[in-house]
Amino acid sequence: MWELLFLLLPLAALSGWFLGKKQSFRRKSVAVNLAADYYDGLNYLLNEQIEKAMESFSRMLNVNANNVEANLMLGHLFRRKGEVDKAIRIHQDLLAKPSLTAKQRCQSLLALGQDYLCAGVYDRAESLFQELSDVYQDISEKSLQFLISIYEIEKDWDKAINVAKQLQSKTMEYMGLQIAQYYCEKAVLAKQRGDLALALKCIKQALQADRGCVRASILQGDIEVSAGRYEAALKAYKRVAQQDRTFLSEVIERIVKCYEKINAGAALDYYFQQLLLDHPSVTLILSYANRLQQQQKTQEALHCITQYLRQHPSILGLNHLVALHLLESTESEQQGLLNLQALIGKLLVNKPVYQCQSCGFSAKSIHWHCPGCKQWGIVKPIAGLELESKSHF
Ligand SMILES: [Zn+2]
């Protein structure tokens, strides 16, 4: 929307100049109509009345078919409506006009590239955006962003990394978070091919791009586990707590398994104590309660969860508490607890576990690239469903 309004600014200036300078009645009348259509189109756009906005811009083109801004806006609106073929025709006709300035030609090529991108003709879109990647600053930045979109769709992570770095140096805006995710994508592919050395190299590059990349740490831990290097895996998983504690729920069970593999139960208990002091959460409490339970310390586990839930009530915690009570219950108590567990189960079913911090998209599994807003590394665990209770955090 704002891109369109920006396009209208030169037209507004032109209309004002036109109104002020031209004396003839006929020309004045044309300018008045042009300005009226401009304000109408603007108003319709602001109110999301696309059809009416298109009618206004079409009227402007009836007065002057060479009006570049009106052509660009109409083309944009056709693309937005999904009528990409019409948008392509408008932009191609526009490019055939000899009166275009160099910048207007670049704007038209950029619009045509977007049409091709929208139509899924990626090779044509790519060559246009490459052509525009080193022209006017604003057009060049947009072209690089569109190139990145194409490489993301095509999963060409090397090209995506190169273009993201170009864009970063051009705009001076930090793109490390995104670049780190591309390296992680490369690491995942390498891991799938069994090339663990390359996967670890990509993870190192991801962490160089973004020291806070939890995905890189989790991947590193998983690769070290698959190679039987549990101490190295522990180091990687435990880094997550420093990077982003909301992801602790993702790694705590993996951490427990690693400690168990190296027979370091006392160290695990100490680690739990530290975590519970620094980052208490229902996921952590439940994980610790599981450990107590495995050690036949069910009463201690019950006490631990109950104490926590008194301060931080949550459905997930309650569910676990009922399960523990079931273990300790008499036959006459069991049916009531089973009924309660079934009810809680219904509350938990289909409950999203992850949510995008930007657009609110939610899901049952982690998405490193948000399908809603297309941002990277922005979907996070919903803290063990603790958010069910609004009495804390
Ligand atoms: Zn999102």
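The exercises below, each with a worked solution, concern the predicted model shown above.

Residues are numbered from 1 along each chain as its sequence is written. Because the model is predicted, local features need pLDDT of at least 70 and side-chain atom pairs count only at pLDDT 80 or more, while totals for chains, interfaces and linings use all residues.

**Exercise 1. State how many helices and strands the protein chain has, and what share of its residues is buried.**

Solution. Begin with the elements, which are DSSP runs numbered from the N terminus, with helices (H or I) of at least four residues and strands (E) of at least two. The protein chain has 19 helices and 3 strands. For burial, count the other C-beta atoms, placed from the backbone, within 10 Å of a residue's own: 20 or more make the residue buried, 12 or fewer make it exposed, and a count in between makes it partly exposed. Of the 393 residues in the protein chain, 35% are buried.

**Exercise 2. Describe how helix H12 packs with helix H14.**

Solution. First take the geometry, for which axes are lines fitted to C-alpha atoms over the stretch in contact, and angles between N-to-C directions run from 0 to 180 degrees. H12 (residues 214-226) and H14 (residues 248-261) pack at an angle of about 25°, and their axes are 11 Å apart. H12 is therefore roughly parallel to H14, since angles under 35 degrees are placed in that class, whereas those over 145 are roughly antiparallel, those from 65 to 115 roughly perpendicular, and the rest oblique.

Next identify the residues that meet, where contact requires C-beta atoms, placed from the backbone, within 7 Å. Ile 218, Gly 221 and Val 225 of H12 meet Glu 250, Val 251, Arg 254 and Cys 258 of H14. By class, this contact of H12 with H14 has 4 nonpolar, 1 polar and 2 charged residues; Ala, Val, Leu, Ile, Met, Phe, Trp, Tyr, Cys and Pro count as nonpolar, Asp, Glu, Lys and Arg as charged, and the others, Gly among them, as polar.

**Exercise 3. Apply the procedure to helix H16 and helix H18.**

Solution. H16 (residues 282-294) and H18 (residues 315-328) pack at an angle of about 15°, with 9 Å between their axes. That angle makes H16 roughly parallel to H18. In the contact, Val 282, Ile 285, Leu 286 and Ala 289 from H16 meet Leu 316, Gly 317 and His 320 from H18. By class, the contact of H16 with H18 has 5 nonpolar, 2 polar and no charged residues.

**Exercise 4. Find which non-glycine residue in the loop between H9 and H10 has a positive phi, and decide whether this residue is buried or exposed.**

Solution. The loop lies between helix H9 (157-171) and helix H10 (176-192), and Met 172 is located there. Met 172 has a positive phi of about 65°, although it is not a glycine. Met 172 counts as exposed because it has 6 C-beta neighbours inside 10 Å.

**Exercise 5. Place Ser 149 and Ser 365, and classify the burial of Ser 149 and of Ser 365.**

Solution. Ser 149 belongs to helix H8 (residues 137-153), and Ser 149 counts as partly exposed because it has 18 C-beta neighbours inside 10 Å. Ser 365, by contrast, lies in the loop between strand S2 (362-363) and strand S3 (379-381). Ser 365 is exposed, with 8 other C-beta atoms within 10 Å.

Notes
Two residues are in contact if their C-beta atoms, placed from the backbone, lie within 7 Å.
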